[in-house]
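Here is a walk through the model, starting from one loop and working outwards to the sheets and helices around it. Keep the viewer open as you read.

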Amino acid sequence: MKASRVPAASWGAAGAALFLLLAGGASASGTAAPCTGRWMDVLSGVASGATGELSLTDAQMGIVATALAAARHAGRRPRLVVFGAGYDSALWAAINCDGDTTIIENDAERAAATRAAAPGLDIELVSYRSDSRRAAEFYAAPWAVELPHSVAGSCPDAVLIDSPAAYDPAHGFPGRFEPSYAAIALAERCVSAGRATAVALFLHDAQRPEEREAIARLFAPHPLVTSLGVLHGGSGSLAAFVLSTSGAAAAAPAAPAGAHPEAVAAGGQLAAAPGGARGRWLDAVDAAHSGPSGRPQISVAQLALIASSLKWAGAQDGGRPTRLLVWGVGHDSVAHAAINAGGATLFLEDNAEWLAKISGAYPALSIEQVAYRATVAGAAAFFAAPWLMHLPAAAAEGCWDTILIDAPAGYRPEHPGRVEASYAALRLAEACVASGRAAAVTLFLHDVGRPLEREIMARLFDAHPLVRPLGVVQGHGTRWLAGYVMSAAHGGGGAAHGAAPPRQPAPTAAARHDGDGWSDRAAPGAAPGGAGCGALPHPSLTTFLAFALGVLAGLTMRAPASRVWAARSPTARGVGYAPLRG
């Protein structure tokens, strides 16, 4: 597609369309490209800047994306409605490539430019009756914008309100109270009719007076709407809500829009954040990178993904308390616990000195000590004949919604590495899914820029018959986060949708020496010369597009022949696992 075909008002939409093509959402001709399901890879493109200047940050997009993932894991075809066309539109379609995405736009020129850049997108035009100067009239007697029939008769899993423009009230821009009212009404009809358990609602630019008023007058008073908090960043703040039948029971006086509570009280004691007690877990995510607990080891985008994967799982199941298992304690621990306030959060740690330090600072945390037999240098022996580490009863009993593996240490040959923790996490998830006690379990592995973690991905996660990869989100140095979902609905292991497991990014030489990489040698199976699987994408369009193309093409670091999961498919063996205590 030639750039001359795209109007100047497209704001680089052609670049977004090219990214969509490479990321696996749709082709420039409008035909469907292979959908790998690796939507986290799209977020890495956002973080790198390869997709141009976007409205939302990678963390904010991740919050929306995980709401769709929760619907997907529940066995539904996810449906997303976005008010506003532009840079982001093609990316939303790529993230939701196996679902339905409708873009609603009132500016005909903007809609035409976006459609020309990515013809496969479903873009519908609407008209608004009001403008920001008539807000008082609207709130006195609200009316609903006439939605396209395809949207009005549907039940979306998530609705993002990122349009129309409202940044200069003096010029009479429409403002967002009409689409906000329409989104709430649509969600209410679906939930009240029993067609949906919960609908996620998002309002962007929540820091502006007009949007704050919409929150106070439309979202906060609704009996079925629960505020989840606000995530600041980028060009605007994102407010998140859930409309569900459990909203009335969970509702409490809402904090001011844009409230910024701390996740840690004075004296280092863990406390439910002021919004956390009302389920405002997004405030805890926001506070984690500006609170007194020190610099978290994971990025705000990674923390947002972990948190939202956990909390949306509970929202899809009637708003029940959620369960989070974390290998490792540190500065992030208090944020995880605050995010999951009201649920169960358990940490597993092998370093006695570090455990004593963290538990002394935050005595409310639930921490169990574990021990490992493996080492980084001896990982080959584990892969040849894996064993299950001893797990405390608190970890082995019950099912976890989300599992994060961020320990033990693995940047020196003598360190334990994460082979045992990863294997145990997969066994825990497998037992719950195979027995029908859980429909799906989401797993995250941190520091996947390191060679051993990439081998763990290939030999344990990608090779498992019930696991599907969600992609990788970049972080500082080697601190990349890989996401997976285990579900009985997945039978292809890492080869999701029939594609070979995509090649994973390797750290640059500089990254391998930033204190995270244990050596400069290439990963097992890497090309000679230490090239590994390629360099981390540089924040430029050329390098990221090359990375995305590699993902789409399925250039693989195939898992070496392994008996790790041999004859372990629950679909073949049936259920009835013994308690998982090594």
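Let's begin with Pro164, which sits in the loop between strand 4 and helix 8. (Helices here are DSSP runs of H or I of at least four residues, strands are runs of E of at least two, and both are numbered from the N terminus.) The peptide bond that joins Ser163 and Pro164 is cis, with omega at about 0°.

A word on what you're looking at: this is a predicted model, in which local features need pLDDT of at least 70 and side-chain atom pairs count only at pLDDT 80 or more, while totals for chains, interfaces and linings use all residues. Residues are numbered from 1 along each chain as its sequence is written, and side-chain values use heavy atoms, with hydrogens and water left out.

There's another cis bond to look at, from Ala407 to Pro408, with omega near 0°. Pro408 is placed in the loop between strand 11 and helix 17 (419-434).

Two aspartates also deserve a click. Asp205 has a positive phi although it is not a glycine, and Asp447 has a positive phi without being a glycine either. Buried in the table means under 20% relative accessible area, with exposed being over 50% and partly exposed in between (1.4 Å probe, protein chains only).

| Residue | Phi | Loop | Relative accessible area |
|---|---|---|---|
| Asp205 | about 65° | between strand 5 and helix 9 | 7%, buried |
| Asp447 | about 65° | between strand 12 and helix 18 (451-461) | 5%, buried |

Zooming out, the protein has 21 helices and 14 strands. Of its 582 residues, 60% are buried. Take contacts (heavy atoms within 4.5 Å) between residues at least 6 apart in sequence: 71% of them join residues at least 24 apart. The protein exposes about 21000 Å², and 54% of that comes from carbon and sulfur atoms; accessible areas come from the Shrake-Rupley method with a 1.4 Å probe, and for residues only the protein chains shown count as cover.

Now for the sheets. Strands pair if DSSP finds at least two bridges between them. One open sheet has seven strands in the order 3-2-1-4-5-7-6, with mixed pairing. Strand 3 (122-125) and strand 6 are at its edges with a single partner strand each, so one side of each has no neighbour in the sheet. On average, neighbouring strands here are turned by 20° against each other, direction ignored. (Axes are lines fitted to C-alpha atoms, for helices over the stretch in contact, and angles run from 0 to 180 degrees between N-to-C directions.) Strand 6 and strand 7 run antiparallel and are joined by six bridges, and Leu231 stands opposite Leu238 in strand 7.

Which helices lie across this sheet's strands? Helix 3 (residues 58-73) lies across strand 1 (79-83), strand 4, strand 5, strand 6 and strand 7, at about 165° to strand 5. Helix 11 (residues 281-288) lies across strand 6 and strand 7, running at about 10° to strand 6.

Helix 9 (residues 209-219) has Glu210, Glu211, Ala214, Ile215, Leu218 and Phe219 buried. Those buried residues fall within an arc of 145° seen down the helix 9 axis, so they line one face of the helix; the arc is that of the directions from the helix axis to the C-beta atoms. Among the elements they pack against are helix 8 (177-192), strand 5 (198-204) and strand 7 (238-244).

The other sheet is also worth tracing: seven strands form an open sheet in the order 10-9-8-11-12-14-13, with mixed pairing. Its edge strands are strand 10 (367-369) and strand 13 (467-473), each pairing on one side only. Neighbouring strands in this sheet are turned by 20° against each other on average, direction ignored.

At one edge, strand 9 (residues 344-349) pairs with strand 10 in the parallel sense over three bridges, and Leu348 stands opposite Glu368 in strand 10. Helix 14 (residues 352-361) packs on the sheet there, touching strand 9 and strand 10, with its direction at about 165° to that of strand 10.

At the other edge, strand 13 pairs with strand 14 in the antiparallel sense over six bridges, and Val472 stands opposite Ala482 in strand 14. Seven of the seven residues of strand 13 are buried, so the strand is largely enclosed by the rest of the structure. Helix 12 (residues 300-315) lies across several strands, including strand 13 and strand 14 (481-487), and runs at about 165° to strand 12.
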